[in-house]
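User: Please take a close look at the surroundings of the ligand in this model. I would like a connected account of what lines the site and where it sits in the fold.

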Amino acid sequence: MSADLLQKLGLESTNHGACTGTWLETSGKELVSLNPSNGEPIARVKQAEAEDYEKVMQQATAAFETWRMMPAPQRGEIVRQLGDELRANKDALGRLVSLEMGKVLTEGLGEVQEMIDICDFAVGLSRQLYGLSMHSERGQHRMYEQWHPLGVIGIVTAFNFPVAVWAWNVAIAAVCGDTMVWKPSSKTPLTAVAVQNIANRVMERNGLSGIFNLVIGRGAEVGERMLADRRLPLISATGSCRMGRRIATVVGERLARTLLELGGNNAVIVSEHANLDLALRAVLFGAVGTAGQRCTSTRRLLLHKSIAKEFTEKLVRAYGNVVIGDALDENTLMGPLVDDAAVGDMMAALEQVAAQGGEVLHGGGKLDRPGNFVEPTLVKARADMEIVQEETFAPILYIIEYDDLDEALKMHNDVPQGLSSSIFTQNLIEAETFLSHRGSDCGIANVNVGTSGAEIGGAFGGEKETGGGRESGSDSWKIYMRRQTNTINWGAEMPLAQGVKFDV
Ligand code: NAD
């Protein structure tokens with residue numbers, strides 16, 4: 001099955017790791033992509049080295065000169081074709097995402113749907129890159145602002161959304177007139193090669209190249225080069241807070257822009273006024289879906305004391321029914337973790353749970369079978385436990401009880417991260433309090449909707465150590481462009497602003 005899939009997506013058993021439209025003959029150290037569901041190798045990629053990076057950057061820089069001059073709606077037409085190519089390859093690419101990253105098939109397919117959706121959004125946007133016009137204080141003067149393409153954008157992505165985050169960035173940046181250089185996670189290089197092949201087909205049909213570019217290489221070799229490269233006015237990076245700190249420091253030093261999408265530590269509050277059945281379904285998907293490997297995964301569950309026992313019992317029962325298995329098996333609800341190291345991190349976190357007085361109510365173990373399988377885990381915890389402050393990228397859910405909404409909100413906001421949040425309640429005042437200035441401090445706040453599974457139409461991202469970036473819908477496009485304010489004098493006088501006189 002996997003050989004057919006690779007062939008369909010233009011993958012070889014050994015692939016090259018740099019592309020500007022045509023593949024470069026990279027000769028860096030080989031990266032072996034392993035199937036997390038059984039530990040077997042899928043295929044290999046020869047990584048890019050410094051000179052490959054340089055060739056890619058030169059192509060991307062040259063392509064920007066022509067791409068920026070193409071009218072935005074025409075660039076939108078290219079992105080429309082990209083969306084169609086993704087539609088035609090949705091099944092194969094979705095399967096490859098599941099095969100390489102380990103998310104279950106419905107989520108692998110959903111991730112490709114997200115790529116298609118953002119292409120559709122970007123096509124419309126290509127006719128709506130609006131600037132404001134304003135009234136000048138000077139007579140016969142016109143003032144307005146316009147948005148210009150920014151340049152070559154550096155895109156660094158995490159393993160857990162190996163293709164969607166590329167699309168969030170490139171679909172928007174492409175209609176904005178930018179060209180891009182993408183460094184994907186070394187844990188998911190094959191999905192990146194497949195996506196590049198899809199983009200290449202579209203570009204070839206249109207006689208274009210150098211717009212969508214790829215470099216697969218080590219963080220120290222390729223990643224660090226991107227951060228320091230003055231030809232990249234924006235680095236859009238998705239990953240851990242640790243990685244974000246490094247990027248903010250190096251890119252900040254050269255006073256360029258960053259768009260940071262970092263870790264989350266997302267909580268759901270279930271109040272005494274909640275519809276518990278709704279809450280149960282949302283918490284289960286939020287905490288167990290993608291084996292807890294979403295930035296928006298539910299990691300903390302704050303339960304009102306009056307419903308805590310009943311809700312916890314329901315949750316323990318539901319956890320017992322989660323089918324764990326191969327990501328491509330249609331009956332599977334929870335696939336594997338991405339690699340051995342992720343299993344090790346989860347086990348280390350559970351040791352800290354025990355040392356800090358937490359109680360495992362369900363799960364807590366690894367499965368004795370090939371692949372990186374663990375049990376979804378429920379822990380009775382306290383908000384002041386140190387481990388609860390951290391994002392462990394695994395299916396561990398900390399259950400914490402509260403007495404009143406003020407206490408719940410305090411606990412909710414008392415973590416370093418600020419990505420996604422939700423409250424389950426049928427009480428209007430509780431819901432509005434949660435959404436008010438003194439409510440959730442996160443970039444995403446939902447009522448009767450879980451923390452996980454955002455739509456592309458909204459701006460996506462979080463506050464505090466999540467990095468403050470916004471990607472995808474709404475007006476997120478603005479970071480991919482440079483704003484220019486223009487004043488035109490169509491009169492015969494030369495008045496100065498603020499009435500300043502300066503005549504000789
Ligand atoms: P990671 O931080 O290990 O790696 C992310 C990417 O950064 C990879 O491509 C990696 O090679 C690159 N990288 C690491 N150091 C670098 C450096 N010095 N220079 C340039 N690039 C460097 O993260 P991961 O394990 O792949 O992904 C999981 C993390 O990503 C979690 O913390 C998760 O919450 C976060 N995430 C956040 C969002 C969001 O939108 N907020 C979305 C998905 C994932």
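Analyst: The following account treats the ligand shell, its polar contacts and its place in the fold. The model is a predicted one, and every value below is computed from it.

The shell around the ligand comprises 26 residues, the closest being T157, E224, S240, L262 and E391. By character, the shell divides into 11 nonpolar, 9 polar and 6 charged residues.

Two of those closest residues, E224 and S240, also place polar side-chain atoms against the ligand. In E224, a polar side-chain atom is 2.7 Å from a ligand nitrogen atom. For S240, an N or O atom of the side chain lies 2.6 Å from an oxygen atom of the ligand. F159 approaches through its backbone instead: one of its backbone N or O atoms is 3.1 Å from a ligand oxygen atom. Taken on its own, the ligand has 850 Å² of accessible area, and the protein covers 86% of this.

As for secondary structure, helix 8 (219–228) and helix 9 (241–253) each contribute at least two residues to the shell. Helix 8 gives the most, with 3 residues.

At the level of domains, the shell draws residues both from domain 1 (2–262 + 467–484) and from domain 2 (266–447); the ligand therefore lies between the two domains.

Conventions
Residues numbered from 1 in each chain as written. Predicted model: local features only at pLDDT ≥ 70, side-chain atom pairs only at ≥ 80, totals over all residues. Heavy atoms only, no water. Near = heavy atom within 4 Å. Polar contact = N/O pair within 3.5 Å; in protein donor to acceptor, adjacent residues only side chain to side chain. Areas by Shrake-Rupley, 256 points an atom, 1.4 Å probe, with all protein chains shown as cover. Helix = DSSP H or I, 4+ residues; strand = E, 2+ residues; numbered from the N terminus. Nonpolar A, V, L, I, M, F, W, Y, C, P; charged D, E, K, R; others polar. Domains from an automatic or database assignment.
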